[in-house]
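Work through the exercises below with the model open beside the text, and try each task before reading its solution.

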Amino acid sequence: MLTGYATADGTAAYRARLAARAAEGHFGRWRDLQVSSVGVGTYLGDDDAATDAAYTAAITRALELGLNVVDSAINYRNQRSERSIGAALRGLTGAGRLAREEVLLATKGGFICFDGQRPPNPNAYLVETYVRPGVFSTEDVVAGCHCMTPRYLADQLDRSRANLGIATVDVYYVHNPEMQLGEVDRPTFLARMRAAFEFLEAAVSDGKIGVYGTATWNGYRAPPSAQDHLSLAELVGLAREVGGADHHFKVIQLPYNLAMTEALTSATQPVGREMVSALEAARRLDVYVMTSASILQGKLARELPAALAEVLTGLETDAQRALQFVRSTPGVGTALCGMKNTAHVEENARLVAVPPAPREKLFTQG
């Protein structure tokens with residue numbers, strides 16, 4: 001297991017090594033870390049050895065080319081995506097081509113998953129793996145697939161650390177916590193979030209994670225009237241109650257792309273007496289933002305309006321333009337994009353050498 005975690009010195013060394021290739025603005029500063037404006041996502045793909053190998057090769061190439069943010073979740077491909085990341089890290093660090101401290105690694109827990117592939121009898125697997133050992137009870141699970149009790153998160157975090165082969169996960173998310181609101185009332189939900197945050201603050205103290213947050217789909221984009229709405233200010237306040245002024249709720253993930261602009265354009269978040277967008281709320285609350293679905297699982301990688309190429313210059317493909325739009329948006333820290341083969345990595349990593357678009361030009365021209 002690799003010890004260490006992303007550090008100021010490590011990420012600065014990574015940036016310095018890429019200095020001849022990286023344009024100004026590709027790396028941003030967060031908590032004294034130098035993190036890339038584009039990161040690698042690992043959501044899609046089959047549960048098979050060929051996809052494992054493809055992801056390992058893609059992650060290896062991405063880290064070589066200047067993308068030092070890698071995102072996963074334990075349920076992605078039933079733990080196989082985390083294991084592919086671990087294989088890439090072992091290969092690079094074992095060869096002396098990368099240090100653990102140079103890379104920001106993020107993963108998530110909350111969804112119930114299997115081990116490598118769906119078993120012939122899923123219910124029997126869940127009973128034997130989780131219910132009988134007391135990891136969770138059936139009352140802890142919502143929608144048949146989601147749990148965020150402290151004991152379950154502890155189990156999942158340790159599995160993720162083993163899968164990744166690392167002692168410390170830099171960013172650990174509670175995965176889609178808004179799912180809970182489909183079956184429990186808001187006071188119960190907030191009590192469950194408090195318990196999760198208490199566990200995560202303890203995990204920081206134990207050196208198992210660096211910071212934590214929430215990775216969501218609808219929660220921060222939905223209006224306050226929606227059943228699954230999440231208030232970022234409320235959750236940050238909860239973390240402050242649990243962890244004090246130096247709490248470690250420091251990052252969120254939510255979808256944002258050319259077709260899903262609510263994080264920027266919709267005032268869904270109450271902060272004080274104002275209603276602001278999720279990106280603005282995160283800025284005011286000092287929370288870093290990573291975006292998911294930055295090219296909408298490939299749907300924005302082709303047939304974009306020709307006018308976009310006139311604004312987003314210096315790029316060759318629609319996938320690059322879609323990513324450029326996202327990473328150039330005020331308030332976005334890292335734009336995550338799924339990359340499971342080296343061809344996609346090579347294409348997307350061309351942005352390393354291109355500065356983010358001037359934000360005034362981009363958003364005054366639509």
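**Exercise 1: the chain as a whole**

Among contacts in the chain (heavy atoms within 4.5 Å) between residues at least 6 apart in sequence, 77% join residues at least 24 apart. This is a predicted model, in which local features need pLDDT of at least 70 and side-chain atom pairs count only at pLDDT 80 or more, whereas totals for chains, interfaces and linings use all residues. Residues are numbered from 1 along each chain as its sequence is written, and side-chain values use heavy atoms, with hydrogens and water left out.

Task: decide why the radius of gyration of the chain agrees with that of a compact globule.

Solution. Start from the rule, 2.2 Å times the number of residues to the power 0.38, with the radius taken over C-alpha atoms. For 366 residues this gives a value near 21 Å, and the chain has 20 Å, so the two agree. Next, take the extent of the C-alpha trace, which spans about 55 × 55 × 40 Å along its principal axes. Finally, consider burial: 56% of the 366 residues are buried, meaning under 20% relative accessible area with a 1.4 Å probe, protein chains only.

**Exercise 2: helix α5**

Task: find what the buried residues of α5 pack against.

Solution. First locate the helix, a DSSP run of H or I with at least four residues, numbered from the N terminus as strands (E, at least two) are. Helix α5 covers residues 150–164 and reaches 21 Å from its first C-alpha to its last, close to the 21 Å expected at 1.5 Å a residue, a span that is 1.5 Å times one less than the number of residues. Then mark its buried residues, among them Y152, L153, D155 and L157. These buried residues pack against α3, β5, α4, β6, α6 and β7. After the helix comes G165, whose phi is positive, near 70°.

**Exercise 3: the largest pocket**

Task: state which elements give two or more residues to the lining of the largest pocket.

Solution. A pocket is an open set of points on a 1 Å grid over the protein atoms alone, where a 1.4 Å probe fits, with protein on both sides within 12 Å along at least five of seven lines, and lining residues have an atom within 4 Å of a point. About 760 Å³ of space lies in the largest pocket. Of its 34 lining residues, Y43, L44, A293, Q297 and G338 are the closest to its centre. The elements sought are β8 (249–255), β12 (334–338) and α12 (342–348).

Technical notes: Grid points are joined across faces, edges and corners, and a volume is the space filled by probe spheres set on the points. Buried means under 20% relative accessible area, exposed over 50%, partly exposed in between (1.4 Å probe, protein chains only).
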